[in-house]
Amino acid sequence: MSAVDALLEAARAGLDRVTPHRAAEVQRDGGLLVDIRYAELRERDGTIPGALIVERNELEWRLDPTGAHRAPEATGHDLPVVVVCNEGYASSLAAVSLRQLGLYRATDLVGGFQAWRAAGLPVRE
């Protein structure tokens with residue numbers, strides 16, 4: 001196993017990853033979906049309506065509820081957050097990083113945006 005595969009496996013061991021339909025429920029119930037895909041992927045494939053767009057390199061600064069550069073949606077450490085990447089790999093590592101900031105309910109979407117779209121959930125083109 002490669003080092004990055006081991007890192008990913010360890011990250012996922014501490015997460016309660018969610019399916020696309022469960023992610024939609026989290027959003028409906030007031031949780032935050034955070035799309036960390038880069039602009040080219042969003043332009044090519046669309047976005048999830050209502051998801052907060054935060055590219056990966058800004059994630060911690062925008063989601064830290066105690067930070068000066070936080071997004072208004074980053075309301076507290078108990079906020080349910082589902083991180084969405086393209087296929088569900090980078091989002092696992094990002095969710096662990098958010099947990100290290102104290103966002104103890106952070107997790108990620110199994111299969112990422114591609115799984116969301118394949119599940120027939122809404123996409124804004």
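Here's a quick briefing on the salt bridges, helix packing, loops and surface of this structure.

It's a predicted model, where local features need pLDDT of at least 70, side-chain atom pairs count only at pLDDT 80 or more, and totals for chains, interfaces and linings use all residues. Residues are numbered from 1 along each chain as its sequence is written, and side-chain values use heavy atoms, with hydrogens and water left out. A search of the whole structure turns up 8 salt bridges, while there are 0 aromatic pairs.

**Salt bridges**

- The cut-off for a salt bridge is a side-chain nitrogen of Lys or Arg within 4 Å of a carboxyl oxygen of Asp or Glu.
- Arg17 and Asp108 make one of these through their side chains, at 2.8 Å from N to O. The pair links distant parts of the chain, with Arg17 in the loop between H1 and H2 and Asp108 in strand S4, 91 residues apart.
- Helices and strands here are DSSP runs, numbered from the N terminus: H or I with at least four residues for helices, E with at least two for strands.
- Is Asp108 buried or exposed? Asp108 is buried, because its relative accessible area is 0%. Its partner Arg17 has 24% and is partly exposed.
- For those labels, buried means under 20% relative accessible area, exposed means over 50%, and partly exposed is in between (1.4 Å probe, protein chains only).
- Glu55 and Arg42 also pair up, at 3.5 Å from N to O. Glu55 lies in the loop between strand S2 (52-53) and helix H4 (59-63) and Arg42 in helix H3 (residues 39-45), so the pair ties together parts that are 13 residues apart in sequence.
- In that pair, Glu55 is partly exposed at 29% relative accessible area, whereas Arg42 counts as buried at 17%.
- Arg44, Asp45 and Arg117 are joined into one network by salt bridges that share partners.
- Asp29 and Arg28 form a salt bridge at 3.3 Å, N to O, and both residues are exposed.

**Rings and charges**

- With 0 aromatic pairs in the structure, no ring centres of Phe, Tyr or Trp (its six-membered ring) meet the 6.5 Å pairing limit; planes under 30 degrees apart would count as stacked, over 60 as edge-to-face and the rest as tilted.
- Arg37 does have a ring partner: its charged end sits over the ring of Phe113, 3.9 Å from the centre. The test for this is NZ of Lys or CZ of Arg within 6 Å of the ring centre and within 35 degrees of the ring normal.

**Helix H5 and its cover**

- Which residues of H5 are buried? They are Ser91, Ser92, Ala94, Ala95, Ser97 and Leu98.
- The cover over those buried residues includes H1, H4, strand S3 (81-84) and S4.
- Ser97 sits in H5, which spans residues 90-100, and Ser97 counts as buried because its relative accessible area is 15%.
- Leaving out residues up to four places away in sequence, Ser97 touches Arg56 and Glu60, where contact means heavy atoms within 4.5 Å.
- Just after H5, Gly102 takes a positive phi of about 105°.

**Loops**

- Gly111 is in the loop between strand S4 (106-108) and helix H6 (112-118), and is partly exposed at 24% relative accessible area.
- Setting aside neighbours within four places in sequence, Gly111 contacts Arg17, Asn86, Glu87 and Gly88. The C-alpha atoms of Gly111 and Gly67 are separated by 30 Å, with their positions 44 residues apart along the chain.
- Thr19 belongs to the loop between H1 and helix H2 (20-28), and counts as partly exposed at 45%.
- Thr19 and Val110 are 91 residues apart along the chain, yet their C-alpha atoms are separated by 5.6 Å.
- Pro49, in the loop between H3 and S2, is partly exposed at 27%.
- Beyond neighbours within four places in sequence, Pro49 is in contact with Gln27, Pro122, Val123 and Arg124.

**Surface patch**

- Val4, Leu7 and Leu93 make up a nonpolar surface patch with about 250 Å² of accessible area together.
- Val4 itself is in helix H1 (residues 3-13), and counts as exposed because its relative accessibility is 53%.
- Patch members need over 30% relative accessible area and no salt bridge; like charges are joined within 9 Å, and nonpolar side chains (Val, Leu, Ile, Met, Phe, Trp, Tyr) within 5 Å.
- Accessible areas come from the Shrake-Rupley method with a 1.4 Å probe, and for residues only the protein chains shown count as cover.
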